[in-house]
Each structure stands twice: as structure tokens, then as C-alpha cells.
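Here are some friendly notes to read with the model open beside you. Take them one at a time, and find each residue on screen before moving on.

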Amino acid sequence: MNGGGCVSGPERLRRTAAVLFAACAAMAPLAAPAADSGSEVAIKSMRFDPPVLRIKAGTEVIWVNREKRTNHSVLFEQENELESDRLFPGETWRRTFERPGSYPYRCGPHPDMRGLIEVIE
Ligand SMILES: [Cu+2]
């Protein structure tokens, strides 16, 4: 360095790139927990959120009823009507998806509430 604190254009760019790279590298570990919490489906305002969730085989999905008073269920009609218990506000239900495929579901008491779990390899 020339010690004067004056950085030429290309040098400044290089430094900026280095800083950005370092920032990205530092943020990378944060991405993993975010992916994990991505296996949660919130039930709120009469909707499943997210309505479509893509996960890897072997992932456990947890549904959480975040309503104030409404109860719901998670019903897989195409799988012998596999259904959770009624979930009251604050309650959860879990299901692990071992095989790749599309798993559409709806809410038992509210047929218009629909969701889909897409399981990939
Ligand atoms: Cu419902």
C-alpha cells in the first residue's frame, strides 16, 4: 500500500469483492438452519402456509396451528384418508415423508383449505 489512504479504482474493486466474498462466506452457515425451519407449515387465517412445500425424502414436516381460535386438521384423502387429530391453536402434528412424490392434502373440517407436500430425492 502507499500509506496515503488513497485507493485506486481497481484496487478498491478488488477490496470490495473480497469483502463481499467474506460476507457471503460468513452468511452461508446461517442458510442451513433456515432450510431446516422450512419444513414447517403454519396454519393461519384459514390457510396452509406455505401452500406448497418441497422437501427432501426423509424430512419431517410439522404443521402448527397458529390461529387464535379455529381448529383444523391435516387430511390426506388419497392415502386412505390419513388424518391428523384436530389441531387446536398452538398444537402441532408431524409426519415424516420417506418416499419421493406429491402428497396433496386438505383440512378435514374446511375442504377449501388445501396444501401440497412435494418430496424429492
Ligand atoms: Cu381448517
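The points below go from the overall layout to a few single residues.

1. Start with the status of what you see: this is a predicted model. The protein has 1 helix and 9 strands. Follow the chain along its sequence and you meet the pattern α-β-β-β-β-β-β-β-β-β, so the helix comes before the strands in that reading.

2. Next, look at how the chain folds back on itself. Taking contacts between residues at least 6 apart in sequence, 49% join residues at least 24 apart. Buried residues account for 16% of the 121 residues.

3. Now find the open sheet. Four strands make it up, in the order β2-β1-β4-β7, and the pairing is mixed. Its edge strands are β2 and β7 (92-97), each of which pairs on one side only. On average, neighbouring strands in this sheet are turned by 20° against each other, if direction is ignored.

4. Zoom in on one pair from that sheet. Strands β1 and β2 run antiparallel and are joined by 3 bridges. A handy place to see this is alanine 42, which stands opposite aspartate 49 in β2. As background, strands of a sheet pair through backbone hydrogen bonds, either parallel or antiparallel.

5. Both kinds of pairing can be found around β9 (residues 114-120). Which strand runs parallel to β9, with 5 bridges between them? That is β3, and here lysine 56 stands opposite isoleucine 120 in β9. Strand β8 (residues 101-106), by contrast, pairs with β9 in the antiparallel sense, over 6 bridges. In this second pairing, look for proline 104 opposite leucine 116 in β9.

6. Then turn to the inside. The largest nonpolar core has 13 residues, and Val41, Ile43, Val61 and Trp63 touch the most other members. Strands β1 (40-44) and β4 (59-65) each supply at least two residues of this core. Valine 61 is a good residue to click on: leaving out residues up to four places away in sequence, its contacts are Ser39, Val41, Leu53, Ile55, Arg94, Arg95, Phe97 and Ile117.

7. One peptide bond deserves a careful look. The bond from aspartate 49 to proline 50 is cis, with omega near 0°. Where is proline 50? You will find proline 50 in the loop between β2 (47-49) and β3 (52-56). Aspartate 49, on the other side of this bond, is the residue that faces alanine 42 in the pairing of point 4.

8. Two residues have a backbone angle worth checking. Methionine 46 has a phi near 60°, a positive value in a residue other than glycine. This methionine is in the loop between β1 and β2. Is methionine 46 buried or exposed? Methionine 46 counts as exposed because it has 12 C-beta neighbours inside 10 Å, and the cut-off for exposed is 12 or fewer.

9. Glutamate 81 is the other residue to check. Its phi is also positive, at about 60°, although glutamate 81 is not a glycine. It is found in the loop between β5 (75-76) and β6 (82-83). Why does glutamate 81 count as exposed? Because it has 9 C-beta neighbours inside 10 Å, which falls under the "12 or fewer" rule.

Definitions and conventions:
Residues are numbered from 1 along each chain as its sequence is written. This is a predicted model: local features need pLDDT of at least 70, side-chain atom pairs count only at pLDDT 80 or more; totals for chains, interfaces and linings use all residues. A residue is buried if 20 or more other C-beta atoms lie within 10 Å of its own, exposed if 12 or fewer, and partly exposed in between; C-beta atoms are placed from the backbone. Two strands pair if DSSP finds at least two bridges between them. Two residues are in contact if their C-beta atoms, placed from the backbone, lie within 7 Å. A nonpolar core is a set of buried Ala, Val, Leu, Ile, Met, Phe, Trp, Tyr and Cys residues joined through C-beta atoms within 7 Å. Axes are lines fitted to C-alpha atoms, for helices over the stretch in contact, and angles run from 0 to 180 degrees between N-to-C directions.
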